[in-house]
Amino acid sequence: GSSISTQDSKRDVADLSESALDLVKDIRIVSYNYKEDPDDRVKRIGFIADDTTNQPAIDPRLTNGGGGFDIQTLVGTLIKAVQELSSSINTLQSGD
């Protein structure tokens, strides 16, 4: 696929109508170090690529079709999840 993200490079474009929060809520976030990291390196934060194949709750659209997440898709989904949370917070704060 192309890494260009312009409207002209895409087809069948539609706003995501389903809950992005539901798509990402089951992704396990871990702290870790790579085996080759020095012992004094601060721990990294992320996810385990293997989880895309051994956790059935993970939507396959978030994966790269193999043993990992599609980062570009995941970022877009996370942005929508933040928008959903922001809308929920605004609704709660306004008392509607």
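**Group meeting: surface, salt bridges and helix 3 in a predicted model**

Let me open with the surface, where Ile71, Val75 and Ile79 make up a nonpolar patch with about 260 Å² of accessible area together. A patch here consists of residues with over 30% relative accessible area and no salt bridge, like charges being joined within 9 Å and nonpolar side chains (Val, Leu, Ile, Met, Phe, Trp, Tyr) within 5 Å. The areas themselves were computed by the Shrake-Rupley method with a 1.4 Å probe, and for residues only the protein chains shown count as cover.

Before going on, I should state that this is a predicted model, in which local features need pLDDT of at least 70 and side-chain atom pairs count only at pLDDT 80 or more, while totals for chains, interfaces and linings use all residues. Residues are numbered from 1 along each chain as its sequence is written, and side-chain values use heavy atoms, with hydrogens and water left out.

Returning to the patch, isoleucine 79 sits in helix 3, residues 71–94; helices are DSSP runs of H or I with at least four residues, strands are runs of E with at least two, and both are numbered from the N terminus. Isoleucine 79 counts as partly exposed because its relative accessibility is 48%, given that buried means under 20%, exposed over 50%, and partly exposed in between, with a 1.4 Å probe and protein chains only.

What span does helix 3 reach from its first C-alpha to its last? Helix 3, with 24 residues, reaches 34 Å, close to the 34 Å expected at 1.5 Å a residue; the expected span is 1.5 Å times one less than the number of residues. Leu74, Thr77, Lys80, Ala81 and Glu84 are the buried residues in this helix. Those buried residues pack against helix 1, where contact means heavy atoms within 4.5 Å.

The two ends of helix 3 also deserve a word. At its start, a side-chain oxygen of aspartate 70 comes to within 3.2 Å of the backbone nitrogen of glutamine 72. After the helix comes glycine 95, with a positive phi near 80 degrees.

I turn now to charged pairs. With a salt bridge taken as a side-chain nitrogen of Lys or Arg within 4 Å of a carboxyl oxygen of Asp or Glu, the count comes to 7 salt bridges. One of them joins glutamate 18 and arginine 61, whose closest N and O atoms are 2.8 Å apart. Glutamate 18 belongs to the segment before helix 1 and arginine 61 to the loop between helix 2 (51–54) and helix 3, so this pair ties together parts that are 43 residues apart in sequence. Both partners are partly exposed, glutamate 18 at 34% relative accessibility and arginine 61 at 45%. Glu18 and Arg61 also belong, with Asp59, to a network of salt bridges.

A further salt bridge links aspartate 22 to lysine 25, at 3.7 Å between the closest N and O atoms. Here aspartate 22 is partly exposed, at 47%, whereas lysine 25 is exposed, at 56%.

Aspartate 12, in the segment before helix 1 (20–24), meets arginine 11 in a salt bridge through their side chains, at 4.0 Å from N to O. Aspartate 12 is exposed, with a relative accessible area of 70%, and arginine 11 is exposed as well, at 72%. The backbone of aspartate 12 merits attention too: its phi is positive, about 55 degrees, although this residue is not a glycine. Most residues other than glycine have a negative phi.

Is aspartate 51, in contrast, buried or exposed? Aspartate 51 lies in helix 2 and counts as buried because its relative accessibility is 4%. Its side chain makes a polar contact with the side chain of arginine 28, at 3.2 Å; a polar contact is a pair of N or O atoms within 3.5 Å, where within protein one must be able to donate a hydrogen and the other to accept it, and residues adjacent in sequence count only if both atoms are side-chain atoms. Not counting residues up to four places away in sequence, aspartate 51 touches Arg28 and Ile58.

My last residue is asparagine 33, in the loop between strand 1 (30–32) and strand 2 (44–46). Asparagine 33 is partly exposed, at 31%. Between asparagine 33 and lysine 43 there are 5.4 Å in space, C-alpha to C-alpha, although they are 10 residues apart in sequence. The side chain of asparagine 33 makes a polar contact of 3.5 Å with that of aspartate 37, and also reaches the backbone oxygen of arginine 41 at 3.5 Å.
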